[in-house]
Number of protein chains: 2
Amino acid sequence: MSKLVIVGTVAFDAIETPFGKTDKILGGAATYIGLSASQFNVNSTIVSVVGNDFPQNYLDLLSNRNIDISGTEIVSNGKTFFWSGRYHYDMNTRDTLATELNVLADFNPVVPQDYKNADVVMLGNLHPLVQLSVLEQMEDSTKLTILDTMNFWMDNALEDLHKVINKVDVLTINDEEARQLTGEYSLVTAARKIYEMGPKFVVIKKGEHGALLFHENEIFSAPALPLESVFDPTGAGDTFAGGFAGYLASTRDYSFENMKTAIIYGSALASFCVEEFGTERLQHVSDVDLKNRLKQFKELTTFDIELS
Amino acid sequence: MSKLVIVGTVAFDAIETPFGKTDKILGGAATYIGLSASQFNVNSTIVSVVGNDFPQNYLDLLSNRNIDISGTEIVSNGKTFFWSGRYHYDMNTRDTLATELNVLADFNPVVPQDYKNADVVMLGNLHPLVQLSVLEQMEDSTKLTILDTMNFWMDNALEDLHKVINKVDVLTINDEEARQLTGEYSLVTAARKIYEMGPKFVVIKKGEHGALLFHENEIFSAPALPLESVFDPTGAGDTFAGGFAGYLASTRDYSFENMKTAIIYGSALASFCVEEFGTERLQHVSDVDLKNRLKQFKELTTFDIELS
């Protein structure tokens with residue numbers, strides 16, 4: 001079975017939306033990535049850190065999905081990273097109410113020995129130097145490296161960010177971040193500038209408008225599923241990335257063609273994520289659920305045209 | 001051959017973009033709709049009004065594309081409708097610099113006798129009562145009526161707008177307008193509310209993010225072609241509507257399936273429109289150009305997925 005290394009936060013989130021609010025619940029980029037990737041036939045590990053306040057049942061929840069947590073350090077006398085946010089009515093914008101780094105402040109990632117020859121590395125949102133450290137621990141046999149990041153690191157650690165961007169095969173960012181990173185308004189031009197920074201593939205996430213995949217002169221456009229209601233958007237981007245990485249690792253096919261399919265899997269999984277608070281919906285997506293959602297994506301995008 | 005009635009402005013536009021500016025050039029919703037629809041095998045007429053300042057060569061340009069202009073009144077001693085606007089750097093927002101209604105102020109549309117039994121009516125952006133008057137002149141044999149409108153009429157003539165919305169088969173508006181018209185943020189819910197107002201089909205235009213087609217419980221999502229540069233967005237929405245209407249009229253198939261194809265044709269034609277100022281690019285789109293563009297749309301959206 002393929003191996004997937006996932007790096008990112010494992011955290012407590014407290015979320016407020018127009019539909020309700022939660023106390024501290026399970027969150028974090030690596031959590032969403034891991035749960036999403038566990039939908040596929042892969043062995044994965046989460047390289048992360050939590051405090052000793054992190055409940056055993058959250059760790060079990062990951063282990064039970066065939067996620068190796070030996071790479072997730074538990075700091076005694078440490079507190080788990082905490083994020084709290086409130087979504088606006090349109091669900092596309094949010095205010096951060098609290099960010100407590102806690103154990104993340106001094107995090108030194110260690111890739112488990114067994115996973116240093118993993119097929120795929122998915123670098124979830126974290127300080128670029130942490131992401132870089134994980135890459136440096138990998139053996140040359142790794143076939144695909146994927147980097148997710150955000151504007152925060154462009155504002156605060158741009159030089160380090162460029163170091164890690166330079167070393168990965170795929171960069172996934174949202175449209176505004178692609179514009180900020182390149183200074184280009186056109187996403188086509190932005191993708192071309194990102195190629196020059198290192199990555200051969202660029203995935204631009206557009207939220208309710210879907211995603212674009214760029215490679216050389218080719219472009220693929222995936223829709224998002226139009227939804228009647230979005231209950232909680234937290235983790236949707238990470239769930240997308242996890243589905244993308246998990247599908248690619250499980251198929252061991254890293255071509256542009258297969259990445260198109262991977263993006264549809266990622267989009268389908270993200271469409272589940274937003275249906276309930278936090279990771280709740282992701283914890284029980286059945287194969288039948290996923291297949292039906294993929295059918296909806298097919299119907300959503302299929303058209304007939306004579307090009308003879 | 002099918003017949004298509006087009007209603008809308010025929011106008012002078014003066015356009016400023018970050019790339020340059022024009023003097024008064026040929027513009028107007030009906031002009032773009034007509035040029036776009038003339039790409040298909042249809043007889044069309046433009047029901048509109050101009051002043052005697054409107055150049056004969058602009059009228060010839062329309063006639064030469066097999067567009068009947070006997071329904072376009074020329075008011076002696078009248079001045080043609082004039083619009084002037086300046087686009088911002090992102091090309092998604094613009095300021096209106098001038099709007100001179102001129103002959104539009106007292107426009108009484110008259111559908112040519114020959115076109116009262118037209119197959120399709122495309123009501124381009126104009127006062128809802130003018131659009132309604134055209135509908136009332138049509139015979140019962142008309143198969144499809146399509147309405148395009150904008151937020152201006154929602155703000156200033158909502159009651160009249162509802163009268164015409166109630167009488168059409170298809171409503172095309174942009175995403176913000178759909179939200180304004182229905183008070184619903186979710187476009188799925190908005191489309192459902194619009195069904196209750198009359199139309200059985202709803203097309204939501206999302207500019208660079210493509211378009212959505214809603215009918216009963218079905219949804220189709222069309223991408224926009226990612227472009228390296230948008231030279232002038234003026235008329236893109238009207239060009240889209242013209243391609244949509246022209247394709248449907250020429251095929252005489254008004255099913256949801258065929259509307260999906262019509263939306264791709266409309267999107268492809270709109271992608272030409274923005275490449276040059278005003279109608280310049282639209283005036284010389286060859287069949288080969290169009291076919292190549294349609295191929296790009298096919299490549300952009302095609303993915304392989306096993307759903308056995």
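How many residues does each of chain A and chain B bring to the contact? The contact takes 31 residues from chain A and 31 residues from chain B. The model is a predicted one.

**The chain B side**

Four elements of chain B give two or more residues to the side that touches chain A. They are helix H7 (187-197), strand S15 (218-222), helix H9 (256-273) and helix H10 (287-301). H10(B) gives the most, with six residues. By class, this side of chain B has 15 nonpolar residues, seven polar ones and nine charged ones.

**Three loop residues of chain A**

A:Pro55 lies in the loop between strand S5 (42-51) and helix H2 (56-63) of chain A. A:Asn66 is in the loop between H2 and strand S6 (67-68) of chain A. A:Arg252 belongs to the loop between helix H8 (236-251) and helix H9 (256-273) of chain A.

The table gives their surroundings.

| Residue | C-beta neighbours within 10 Å | Class |
|---|---|---|
| A:Pro55 | 13 C-beta atoms | partly exposed |
| A:Asn66 | 14 C-beta atoms | partly exposed |
| A:Arg252 | 13 C-beta atoms | partly exposed |

Why is A:Asn66 classed as partly exposed? A residue is buried at 20 or more such neighbours and exposed at 12 or fewer. A:Asn66 has 14, so it counts as partly exposed.

Backbone angles come next. A:Asn66 is not a glycine, yet its phi is positive, at about 65°. A:Arg252 also has a positive phi, near 55°, and is a residue other than glycine.

A:Pro55 can also be placed relative to A:Thr99. A:Pro55 and A:Thr99 are 44 residues apart in sequence. In space, their C-alpha atoms are 20 Å apart.

Technical notes: Residues are numbered from 1 along each chain as its sequence is written. Chains are lettered from A and ligands numbered from 1 in the order in which they are written. This is a predicted model: local features need pLDDT of at least 70, side-chain atom pairs count only at pLDDT 80 or more; totals for chains, interfaces and linings use all residues. Two residues are in contact if their C-beta atoms, placed from the backbone, lie within 7 Å. Ala, Val, Leu, Ile, Met, Phe, Trp, Tyr, Cys and Pro count as nonpolar, Asp, Glu, Lys and Arg as charged, and the others, Gly among them, as polar.
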